[in-house]
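Let's take a walk through this structure together, one stop at a time. Keep the 3D view open and follow along.

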Amino acid sequence: MASNPPAACCASGFKHEGAPTGELKNIDGVNTYIAYPKDKNPEKAVIFVADIFGIYVNAQLLADEFANNGYLTIIPDIFQNDQISLSDMQSGKADLPAWLPNHQPANVEPVIESTIKYARETLGVKKIGAVGYCFGGKYVCRNLKPGQIDVGYTAHPSFVTHEELGAIKGPLSIAAAETDSIFTTQLRHESEETLIKAAQPWQINLFSGVSHGFAVRADLSDPKQKWAKEQAFCQAVAWFNQYL
C-alpha cells in the first residue's frame, strides 16, 4: 500500500460555512456539481473526486475556489447518493466497514469515466486535471494517464496501492499531514521511492500540526489548520498552473 484504507479519521472533521455558487445537474444519471469560471467555455477543467461525504458544502466551496482561479470544476457523485452523512460525521457514528464494500473501483470507476467523457466530448475540454481528497485520491492515481486525466493532485490520499501510484503517466502533487494513520510517514517515504521510479513530475508537501482530512475538513477557527488548508489549496492551483 502507498496509503492505508480509510479509517475513523476519514469520517471526522468540521463542516464549513458558506453558500456554494455552482449548479447541480443530472448528467447521464449522475448527480453532478459544476462550478464555472468567468470563461464558461474553458479548454481546461478539474474533476473533483470527493472524500466519503461526496457532494457537500466543504467540497462545493473548494470547487468554487478552483473555478475562481479559472478552472471549470466538476464534482460527480461517485457514491450514487450513498455518501456518508454529515450527521454521522458529527456524531461519530459512520460505519465505514459496512459502507466500503459497496464503493469499490467497480462501482466508482464508471462514474469517473463518464465524467471524463462528458468533459471532453460534451464540454469540449482539451486538458483535464483532477483533485482527490482522502477517498478520492485513489481514483486520481488510477486515471492519471493519456486520454483520461492529464494532471493530478491529491491531499491525504487513502487506499492507494503502490501499483496504482507507480503506474501514473502524468504529473502528480500530494499534500500530506504530519499526523496521518493512513498516509503514514513510512508510506509517504515509500511513495517517494515509487514516484521516483515512475519518472513523472511529482511533489509532496508535508504540513505540520495537522492531521488527515485537513485540506477539506479543517477546523477553520484554528489558525494553524486554516493556514494549512489554504496553502494546500494554493499548492493544487500552482500545480495546475504549471502543468495543466
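Start at Asp-28, which sits in the loop between β1 (23-27) and β2. Before going further, keep in mind that this is a predicted model. Asp-28 counts as exposed, because its relative accessibility is 69% and anything over 50% falls in that class. Its backbone is a bit of a surprise too: phi of Asp-28 is near 55°, a positive value in a residue other than glycine. For background, most residues other than glycine have a negative phi.

Asp-28 has company in this. Asn-81 is not a glycine either, and it has a positive phi of about 65°. You'll find Asn-81 in the loop between β4 (72-76) and α2 (86-91). With a relative accessibility of 60%, Asn-81 counts as exposed.

Now let's head inside. Which residues have the most contacts inside the largest nonpolar core? They are Phe-48 and Tyr-133, in a core of 74 residues. The element that gives the most to this core is helix α9 (residues 223-243), with seven residues. As a general point, nonpolar side chains tend to be buried together in soluble globular proteins.

Tyr-133 is worth a pause. Leaving out residues up to four places away in sequence, Tyr-133 touches Phe-48, Val-49, Ala-50 and Asp-51, along with Leu-62 and Phe-66. Its list of contacts goes on with Tyr-153, Ala-155, His-156, Ala-215 and Val-216.

Two of those names, Leu-62 and Phe-66, turn up again in helix α1, where they and Glu-65 meet residues of α9. On the α9 side, the partners are Lys-229, Phe-233, Ala-236, Val-237 and Phe-240. How do the two helices sit against each other? Helix α1 (residues 57-68) packs against α9 at an angle of about 40°, and their axes are 11 Å apart. That angle makes α1 oblique to α9. The crossing of α1 past α9 is right-handed.

Stay on α9 for a moment and look for charges. The side chains of Lys-226 and Glu-230 form a salt bridge there, at 2.6 Å from N to O. These two residues are four apart in helix α9, so about one helical turn separates them. Both ends are partly exposed: Lys-226 has a relative accessibility of 34%, and Glu-230 has 35%. Elsewhere, salt bridges that share partners tie Glu-109, Lys-138, Arg-142 and Glu-164 into one network.

That network is a good reason to visit Arg-142, which is found in helix α5. Arg-142 makes a salt bridge with Glu-109, and their closest N and O atoms are 2.5 Å apart. This pair links distant parts of the chain, with Glu-109 in helix α4 and Arg-142 in helix α5 (residues 137-142), 33 residues apart. Is each partner buried or exposed? Glu-109 counts as buried, because its relative accessibility is 10% and the cut-off for buried is under 20%. Arg-142, at 27%, counts as partly exposed. Apart from neighbours within four places in sequence, Arg-142 is in contact with Pro-105, Glu-109 and Glu-164. You can also use Arg-142 to find Lys-169: the two are 27 residues apart in sequence, and their C-alpha atoms are 9.8 Å apart in space.

How many salt bridges does a search of the whole structure find? The count is seven. One of them brings together the side chains of Lys-126 and Glu-43, with 3.9 Å from N to O. Here, too, distant parts of the chain are linked, since the pair is 83 residues apart. Lys-126 lies in the loop between α4 (105-122) and β5 (127-133), and Glu-43 in the loop between β2 (30-35) and β3 (44-49). Lys-126 is exposed, with a relative accessible area of 53%, whereas Glu-43 is partly exposed at 49%.

For a last stop, find Gln-148 in the loop between α5 and β6 (151-155). Gln-148 is partly exposed, at 24% relative accessibility. Leaving aside neighbours within four places, its contacts are Ile-116, Arg-120, Ile-128 and Asn-143. Cys-234 is 86 residues from Gln-148 in sequence, and the distance between their C-alpha atoms is 24 Å.

Notes:
Residues numbered from 1 in each chain as written. Predicted model: local features only at pLDDT ≥ 70, side-chain atom pairs only at ≥ 80, totals over all residues. Heavy atoms only, no water. Core = buried A, V, L, I, M, F, W, Y, C linked by side-chain atoms within 4.5 Å. Buried < 20%, exposed > 50% of the residue type's maximum accessible area, 1.4 Å probe, protein only. Contact = heavy atoms within 4.5 Å. Salt bridge = Lys/Arg side-chain N within 4 Å of Asp/Glu carboxyl O. Axes fitted to C-alpha atoms, helices over the stretch in contact; angles between N-to-C directions. Parallel < 35°, antiparallel > 145°, perpendicular 65-115°, else oblique. Left-handed = near helix turned anticlockwise from the far one by under 90°.
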